[in-house]
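I am opening a fresh page for a structure that I have not looked at before. My plan is to begin with the surface and the overall fold, and then to turn to the aromatic rings.

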Amino acid sequence: MQIQNTIQIILLILILISVNKNLIKKSKLILKRTVVVTTWYLSKLYPKTKNLVVFGAENGRGFRGNPKYLFLEMVKNPELTCVWISKDPNVVSELTEKGYLAFKYKSLKGILYQLRAKLVIHSHSINDDFYKVLLGGAISYNTWHGVGLKKVWGANKNTFT
């Protein structure tokens with residue numbers, strides 16, 4: 001009888017530990033999502049600059065693709081402030097040496113420009129090129145070619161009619 005009680009207590013402890021681990025993981029996830037969503041909504045309250053356009057491409061790692069050529073054309077307009085945001089310090093150095101505004105996405109100026117931008121132009125995903133939580137209220141232009149949509153939706157009979 002005592003062995004059976006001991007086994008039951010051990011099993012109960014193991015169950016409680018496993019439940020608490022899942023509960024802790026879920027609590028952390030809920031807390032993280034709450035902070036992200038709250039930050040995004042707060043960023044919508046930050047005043048946007050109408051003529052400020054931020055650019056990013058290639059998952060924040062490159063200066064190429066459609067955003068590059070839009071950047072090179074739009075920077076010619078003196079009424080616009082065009083800023084390239086990158087995760088790669090080499091891209092930032094290359095562009096600043098050429099006289100363009102470019103900042104790392106985690107730098108203070110990079111964060112401020114993302115927060116103030118009214119228009120955001122990128123090549124893949126806004127999540128990959130920028131801090132999405134800072135872009136509340138901004139207009140996002142994704143310049144990819146749609147090949148992924150064709151493959152995802154066009155090839156799947158359940159999603160494309």
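How much area does the protein expose, and what share of it do carbon and sulfur atoms supply? I looked this up in what is a predicted model, and found that about 11200 Å² is exposed, with carbon and sulfur atoms supplying 62% of that area.

**Entry on the fold.** I noted that the protein has six helices and five strands, and that, when I read along the sequence, helix and strand follow the pattern α-β-α-β-α-β-α-β-α-β-α. Of the 161 residues in the protein, 27% are buried. I also looked up the contacts between residues at least 6 apart in sequence, and wrote down that 55% of these join residues at least 24 apart.

**Entry on the aromatic pairs.** The structure holds nine aromatic pairs, and I followed two of them in detail. For F55 and W84 I found ring centres 6.2 Å apart and planes at 5 degrees, and because planes under 30 degrees apart count as stacked, I entered this pair as stacked. The pair links distant parts of the chain, since F55 belongs to strand β1 (residues 49-55) and W84 to strand β2 (residues 81-86), 29 residues apart.

Are these two residues buried or exposed? I found F55 buried, with a relative accessible area of 0%, and W84 likewise counts as buried at 0% relative accessibility.

W84 also pairs with F71, and here I noted an edge-to-face arrangement, with 5.5 Å centre to centre and 80 degrees between the planes. F71 lies in helix α2 (residues 65-74) while W84 lies in strand β2, so this pair ties together parts that are 13 residues apart in sequence. I looked up F71 as well and found that this residue is buried, because its relative accessible area of 0% falls under 20%.

**Entry on the cluster.** Which residues do the ring pairs link into a cluster? I listed F55, F63, F71, W84 and Y100, so the residues of both pairs described above, F55 with W84 and F71 with W84, appear in that list.

**Entry on a charge over a ring.** Last, I looked up where K87 sits relative to Y105, and found that K87 lies over the face of the Y105 ring, at 5.2 Å from the ring centre.

Methods: Residues numbered from 1 in each chain as written. Predicted model: local features only at pLDDT ≥ 70, side-chain atom pairs only at ≥ 80, totals over all residues. Heavy atoms only, no water. Phe/Tyr/Trp six-rings, centres within 6.5 Å; stacked < 30°, edge-to-face > 60°. Helix = DSSP H or I, 4+ residues; strand = E, 2+ residues; numbered from the N terminus. Buried < 20%, exposed > 50% of the residue type's maximum accessible area, 1.4 Å probe, protein only. Lys NZ or Arg CZ within 6 Å of the ring centre and 35° of its normal. Contact = heavy atoms within 4.5 Å. Areas by Shrake-Rupley, 256 points an atom, 1.4 Å probe, with all protein chains shown as cover.
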